[in-house]
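Let's take a walk through this model together, stopping at a few places along the way. Keep the viewer open and turn it as you read.

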Amino acid sequence: MSGDQAVSINVEPLQKILELECEKGYEDSAVIGGLDRFLRRWAGQAAESITNPQLLSHFRRLRLDDSKYASLTREQRKRRIDKMLEFLSEVEGMEAEKGEVKPPEESMVPSPPPPSRRSSGGQKVTGQSLDSPITSLKGVSTSLAAKFNRLGVKTIRDLLYFFPHRHLDYSQRKNISQLAEGEEQTIIANVWQAQVTMLGGRRGTEAIVGDETGNVRAVWFNNPYLAKSLPTNTRIVLSGRVTVFGGRHVFESPEWELLEDKELIHTGRLVPLYSLTRGLKPRQVRKLMKQVVDQYAWQVEDFLPLELRQRRQLDELPQAISQAHYPEDEAAKDGARLRLAFDELFLLQLGVLGRKHDWQESQPGNPFTAETPVLDAFLKSLPFELTAAQHRVLEELSADLEKPRPMSRLLQGEVGSGKTVVATAALLIAAANGYQGAFMAPTEILAEQHFTNVCQLLSRTGQQVSQEDNMRSFSGLLSQPLTVALLIGDINQARKQEIQQRITGGDIDIVIGTHALIQKEVEFHRLSLAVVDEQHRFGVAQRSALRQKGFNPHVLVMTATPIPRTLALTLYGDLDLSVIDQLPPGRQVIKTKWLKPAQRDSAYAFLRRQVAEGRQAFIICPLVEESEVIQAKAAVAEYERLSGEVFSDLKLGLIHGRMSAAEKDEVMHRFRSGELDVLVSTPVVEVGIDVPNATVMLVESADRFGLSQLHQFRGRVGRGSEQSYCMLLAENPSEIGRERLDLIEKIQDGFQLAEEDLRLRGPGEFFGTRQSGLPDLRMAKLSDVALLELARSEAIRLFENDPKLEKPEHNLLAKELARVWQPGGELS
């Protein structure tokens with residue numbers, strides 16, 4: 001072959017390294033790992049490419065494959081580098097003679113094409129609708145689809161609405177010489193060298209990349225396969241955080257992308273981060289999402305009425321979806337979020353307004369006479385004065401119960417604020433008017449707790465005249481004995497049938513139970529009041545089931561989860577709002593402290609001392625994101641560690657989400673009765689459990705929970721007279737995590753914490769809306785009060801104008817509303 005093949009050597013990587021070594025004073029510091037290693041690698045590649053005999057002879061005399069540069073003196077190193085640069089000049093000279101000199105650096109670096117509002121892929125794809133399964137997409141296998149299904153993604157439409165939880169700003173492109181420690185940055189560079197190496201005791205990939213201003217090292221831990229994807233001299237875009245190691249900048253596990261003539265996906269722009277599940281990789285998901293957004297976003301029909309969209313200056317829907325995933329810039333991302341968040345809140349408001357209208361207008365309720373002698377006698381018999389807040393709420397309830405349309409009210413109040421007393425008063429009013437009342441709790445143990453508490457309260461006014469299994473009767477309250485029954489799954493079948501028959505016959509006035517109360521076998525005689533405790537564990541479908549029994553009862557929903565007013569109006573727009581915002585006098589302050597890992601042993605020692613004094617403790621296991629299965633395994637492992645290594649002399653119990661309700665209840669009974677010293681639990685322990693003897697709450701990985709949830713955990717202790725404590729362990733909390741932990745230490749008021757939580761939490765995180773039977777909020781930040789109020793006012797305006805969405809311009813909106821809300825108000 002002719003000498004023109006010499007030009008296939010790319011001298012640029014070596015030339016830059018050698019020039020940098022000169023600048024650094026020949027200290028063998030231009031390349032991490034030393035120049036010898038780099039020269040060996042470069043020489044191995046170059047030797048195969050040189051066919052010109054004269055050049056090959058010169059190359060061999062240099063002995064680059066065995067240069068021993070590290071062992072030379074500074075002067076010897078200088079001479080060696082001069083000889084190498086001389087050789088490179090000879091290669092370049094031959095290139096010039098052939099007229100094939102490479103263009104200068106700048107023209108070699110194509111700027112990445114800017115992400116466009118309407119990518120070239122934005123044409124409609126025929127043959128597939130947005131409701132086609134994702135397996136109809138090229139490259140999506142059934143096993144990949146199963147992983148997406150775990151994230152609630154089944155159709156192409158689901159994928160379009162599978163928004164990233166945040167974006168990394170990799171749009172800030174810099175030269176290597178401008179890199180700064182700790183910031184997210186992007187460079188475009190040449191790969192000089194990439195190889196498999198040992199990093200932290202495991203195989204990974206190390207690369208040296210450079211641009212016209214210098215070189216930098218990049219490492220990818222536990223990923224040795226990447227080295228093959230980064231051949232020498234390829235142009236690469238790296239985006240990520242830069243650290244300093246050994247006095248030099250290093251990219252640690254950056255995102256990378258080969259620079260080609262197409263829109264960037266993983267680097268050099270605002271890069272989306274999606275929620276993942278086991279088996280899904282970030283790059284794989286981003287690539288698929290880019291393909292789907294480019295091909296299908298433009299098929300989405302915009303359901304917002306044009307007049308509303310223009311008046312409020314909102315983006316068109318296809319554009320908003322596209323920019324929510326792969327935005328051009330921050331402004332485009334914000335515009336997309338505004339439009340999509342508005343949609344969610346607007347549809348939610350329309351749905352709840354429609355539901356309230358159906359509930360209250362379609363069927364009359366039973367008006368009660370609220371002022372009854374029995375109510376006065378009941379209130380006078382209480383061993384404490386009602387707080388002003390309890391009086392106010394009772395008046396609000398009484399006013400509702402006297403109306404011919406059924407009450408639909410949400411009662412909020414902290415643990416210990418006295419909601420049960422108010423609920424019992426309402427149930428007494430129903431009984432005094434000749435109607436039945438039902439009191440439903442989310443778990444059997446809470447139903448039993450309510451049964452005990454209600455009977456205790458009633459026994460102060462009336463005389464208990466009979467006591468059977470799960471049933472009590474009281475005289476002296478009404479003209480005939482008032483009967484209260486407990487109906488839960490734990491009762492034997494014969495007894496259960498007997499109680500059901502007595503409910504149907506009207507012999508039982510107040511029934512307390514779980515969801516079992518609304519099962520088909522339970523027929524009421526004259527049900528007219530339903531009290532539902534802990535609404536977010538009790539969906540809309542359960543409430544609707546009561547109506548389908550032919551009743552239109554007054555409904556009182558209670559929750560101990562403090563919810564800010566704006567949020568309550570959004571999530572419970574179909575309910576009127578009452579708040580007990582005052583704790584009874586003398587309620588103890590629970591001493592709260594967040595601890596670092598080094599303080600774990602002292603936390604265990606403190607817990608042990610409390611148990612030695614006869615108290616009990618809760619330990620909440622870390623929140624595991626992946627799945628309930630993994631979370632259960634983690635809880636079992638933690639329980640075994642604690643019972644085997646830490647508290648081997650104490651009696652421990654375990655509760656996790658994979659246990660049946662009966663298994664959980666059995667463990668809770670043992671804990672309440674004092675048989676167990678410590679209860680290890682996943683976050684299922686959050687709601688309502690009353691163990692007066694428990695004085696210690698220890699929460700692992702506390703920075704991974706929201707403020708409201710931490711406050712709920714804290715509320716599990718402090719139910720008795722002894723001082724109680726809440727210890728929050730946090731490994732390495734983020735800035736927001738630290739702020740949360742500081743707040744929970746200082747603030748005991750749940751409503752104040754809820755407002756703070758709302759300010760700190762991201763879209764839809766504050767409150768798990770899936771459990772409430774409301775559409776999921778993916779984009780709406782519930783802390784955005786202005787947008788909440790805007791969506792509510794627009795929904796009210798439209799609802800007043802066209803409540804059934806029958807006008808032609810509302811056709812698409814009616815279809816979307818029906819899609820988002822299934823019949824009966826349940827989430828699609």
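**A guided walk through the model**

Glu 666 counts as partly exposed, because its relative accessibility is 48%, a value that falls between the 20% and 50% cut-offs. Bear in mind as you look that this is a predicted model. Glu 666 has its place in helix α21, which covers residues 661-672. From here you can jump to a remote part of the sequence: Ile 445 is 221 residues away along the chain, yet the two C-alpha atoms are 9.1 Å apart in space.

Ile 445 is a handy stepping stone, since our next stop involves α15, the helix that spans residues 444-461. Which helix gives the most to the lining of the second largest pocket? That is α15, with eight residues. Another contributor is α14 (419-432), and each of these two helices supplies at least two residues of the lining. The pocket itself has a volume of about 1000 Å³. In total, 34 residues line the second largest pocket, and those nearest its centre are Gly 416, Gly 418, Thr 420, Asn 453 and Asp 690. If you are thinking about the chemistry of this lining, its residues divide into 13 polar, 11 nonpolar and 10 charged.

Now for the way the helices are arranged. Two packed helices are described by the angle between their axes and the distance between the axes. For α14 and α15, the angle is about 70 degrees and the axes are 10 Å apart. An angle from 65 to 115 degrees counts as roughly perpendicular, so α14 and α15 are roughly perpendicular to each other. The crossing in which α14 passes α15 is right-handed.

Stay with α14 for a moment and look for α12, made of residues 373-381. How do these two helices run relative to each other, roughly parallel or roughly antiparallel? Their axes come within 9 Å and cross at roughly 155 degrees. With the cut-off for this class set at over 145 degrees, α12 and α14 are therefore roughly antiparallel. Here, too, the crossing is right-handed, with α12 passing α14.

A further helix pair is found later in the sequence. Helix α22 (residues 707-714) and helix α23 (residues 735-746) have axes that come within 10 Å and cross at roughly 40 degrees. This angle lies between the limit for roughly parallel, under 35 degrees, and the start of the roughly perpendicular range at 65, so α22 and α23 are oblique to each other. Their crossing is right-handed.

Let's turn from the open pocket to enclosed spaces. How many cavities of 30 Å³ or more are there? The count comes to two. The second largest cavity has a volume of about 40 Å³. Its lining includes Leu 487, Ile 488 and Gly 489, along with Lys 496 and Gln 500. Also among the residues that line this cavity are Ala 516, Gln 519, Glu 521 and Val 522. Sorted by class, the lining has four nonpolar, three polar and two charged residues.

The loops deserve a visit as well. Arg 269 lies in the loop between β7 (255-258) and β8 (270-273). Is Arg 269 buried or exposed? Its relative accessible area is 3%, and buried means under 20%, so Arg 269 is buried. The C-alpha atom of Arg 269 is separated by 6.3 Å from that of Asp 169, a residue 100 positions away along the chain.

Val 140 is another loop residue, located between α5 (105-108) and α6 (142-149). Val 140 counts as buried because its relative accessibility is 7%. In sequence, Val 140 and Leu 288 are 148 residues apart, while their C-alpha atoms are 8.7 Å apart in space.

Finally, two residues to check on your backbone torsion plot. Gln 313 has a positive phi of about 50 degrees although it is not a glycine. You will find Gln 313 in the loop between α9 (306-311) and α10 (317-325), where it is exposed, with a relative accessible area of 71%. Asn 470, also not a glycine, has a positive phi of about 60 degrees. The place of Asn 470 is in the loop between β11 (463-468) and β12 (471-475). At 21% relative accessibility, Asn 470 counts as partly exposed, because buried requires a value under 20%.

Conventions. Residues are numbered from 1 along each chain as its sequence is written. This is a predicted model: local features need pLDDT of at least 70, side-chain atom pairs count only at pLDDT 80 or more; totals for chains, interfaces and linings use all residues. Side-chain values use heavy atoms; hydrogens and water are left out. On a 1 Å grid over the protein atoms alone, a cavity is a set of points where a 1.4 Å probe fits but cannot get out, and a pocket is an open set with protein on both sides within 12 Å along at least five of seven lines; lining residues have an atom within 4 Å of a point. Grid points are joined across faces, edges and corners, and a volume is the space filled by probe spheres set on the points. Helices (H or I, at least four residues) and strands (E, at least two) are DSSP runs, numbered from the N terminus. Ala, Val, Leu, Ile, Met, Phe, Trp, Tyr, Cys and Pro count as nonpolar, Asp, Glu, Lys and Arg as charged, and the others, Gly among them, as polar. Buried means under 20% relative accessible area, exposed over 50%, partly exposed in between (1.4 Å probe, protein chains only). Axes are lines fitted to C-alpha atoms, for helices over the stretch in contact, and angles run from 0 to 180 degrees between N-to-C directions. A crossing is left-handed if the near helix is turned anticlockwise from the far one by less than a right angle, and right-handed if clockwise.
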